Amino acid sequence: MEKFTTLTGVAAPLPIMNVDTDMIIPKQYLKTIARTGLGKGLFSEMRYGEDGSENPDFVLNQPAYRQATILIAGDNFGCGSSREHAPWALLDFGLRCIISTSFADIFYNNCFKNGILPIKVSQAELDKLFDDAARGANATLTIDLEAQEIRGPDGGVVKFDIDPFRKHCLLNGLDDIGLTLQKADKIDAFEKAAGQSRPWA
């Protein structure tokens, strides 16, 4: 998993409440278990018309936000089913950080497991970040995970809380497999000892 330390990039505003995982990545894209290639289906029902053409009004289709790496979203982002394809699609598109007032629990946990930083802020802070994001490519945000700060284009700073263990994992690029591999020596030693004492196992 790629480390998350400091991210500076364009933030796209999506002021919609209760964006569920089916809106993030519709069911027709769930046939794959690959984590790549899903970016094309991200928000597809809002990004594309019935004929497959882009909807020019959708934020991620607008020139200023096509390279966005941060998403500012309405309350209760990621609700609905527990599909892990949702963070896969966000990450494949290039979004590394989602900021909202609240997230659905399963989606929130899945973000950390896939290298995405979900940040919870107050409504007043979110409103300010929406204003910053509305400036498009002319204004970028900096997310500093070590300092737990969001720095705006006008010098404003928003502090955020994060579980220390999750912070450690993101800073070091450790998903569940990476955490397990940190214990590789102990696992090998256990397997060796078990093989000697229980050769039938």
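Asn-18 lies in the loop that links β1 (6-14) to α1. In this predicted model, the residue has a positive phi of about 60°, although Asn-18 is not a glycine. A second asparagine, Asn-76, also has a positive phi without being a glycine, here about 65°. Asn-76 is found in the loop between β2 (70-73) and α3. Most residues other than glycine have a negative phi. Asn-18 counts as partly exposed at 38% relative accessibility, and Asn-76 is partly exposed with a relative accessible area of 24%. A positive phi, near 120°, also belongs to Gly-94, the residue that follows α3.

The relative accessible areas of individual residues are collected below.

| Residue | Relative accessible area | Class |
|---|---|---|
| Asn-18 | 38% | partly exposed |
| Asn-76 | 24% | partly exposed |
| Cys-97 | 0% | buried |
| Lys-167 | 13% | buried |
| Cys-169 | 7% | buried |

**Overall organisation**

The protein contains 8 helices and 7 strands. Of its 201 residues, 46% count as buried. Among contacts in the protein with a separation of 6 or more, 65% involve residues 24 or more positions apart.

**Helix α3 and its surroundings**

Helix α3 is mostly covered, with 7 of its 9 residues buried. The buried positions are His-85, Ala-86, Pro-87, Trp-88, Ala-89, Leu-90 and Phe-93. These buried residues pack against two helices that precede α3 in numbering, α1 (21-24) and α2 (44-47), and against strand β3 (97-100) and helix α4.

The pairing with α4 can be described in further detail. The axes of α3 (residues 85-93) and α4 (residues 105-113) come within 9 Å of each other and cross at roughly 50°. Because the crossing has this angle, α3 is classed as oblique to α4. The crossing of the two helices is right-handed. On the α3 side, the contact is made by Ala-86, Pro-87 and Leu-90, and on the α4 side by Phe-107, Asn-110 and Cys-111. By residue class, the contact of α3 with α4 comprises 5 nonpolar residues, 1 polar residue and no charged residue. The three α3 residues Ala-86, Pro-87 and Leu-90 also appear among the buried residues of that helix.

**Cysteines**

The count of disulfides comes to 0. A disulfide is a covalent bond between the sulfur atoms of two cysteines. For Cys-97, the closest cysteine sulfur is that of Cys-111, at 9.4 Å, and this separation is too far for a bond. The cut-off for a disulfide is 2.5 Å between the sulfur atoms. Cys-97 is buried, at 0% relative accessibility, and Cys-169 is likewise buried, with a relative accessible area of 7%. Cys-111, the partner considered for Cys-97, is one of the α4 residues that make the contact with α3.

**A buried lysine in helix α6**

Lys-167 is located in helix α6 (residues 164-172). Is this lysine buried or exposed? Lys-167 is buried, because its relative accessible area of 13% falls under the 20% limit. Leaving aside neighbours within four places in sequence, Lys-167 is in contact with Leu-145, Glu-146, Gln-148 and Ile-162. Lys-167 and Thr-5 are separated by 162 residues in sequence, while their C-alpha atoms are 9.5 Å apart in space.

Key
Residues are numbered from 1 along each chain as its sequence is written. This is a predicted model: local features need pLDDT of at least 70, side-chain atom pairs count only at pLDDT 80 or more; totals for chains, interfaces and linings use all residues. Side-chain values use heavy atoms; hydrogens and water are left out. Buried means under 20% relative accessible area, exposed over 50%, partly exposed in between (1.4 Å probe, protein chains only). Axes are lines fitted to C-alpha atoms, for helices over the stretch in contact, and angles run from 0 to 180 degrees between N-to-C directions. Helices (H or I, at least four residues) and strands (E, at least two) are DSSP runs, numbered from the N terminus. Angles under 35 degrees count as roughly parallel, over 145 as roughly antiparallel, 65 to 115 as roughly perpendicular and the rest as oblique. A crossing is left-handed if the near helix is turned anticlockwise from the far one by less than a right angle, and right-handed if clockwise. Contact means heavy atoms within 4.5 Å. Ala, Val, Leu, Ile, Met, Phe, Trp, Tyr, Cys and Pro count as nonpolar, Asp, Glu, Lys and Arg as charged, and the others, Gly among them, as polar.
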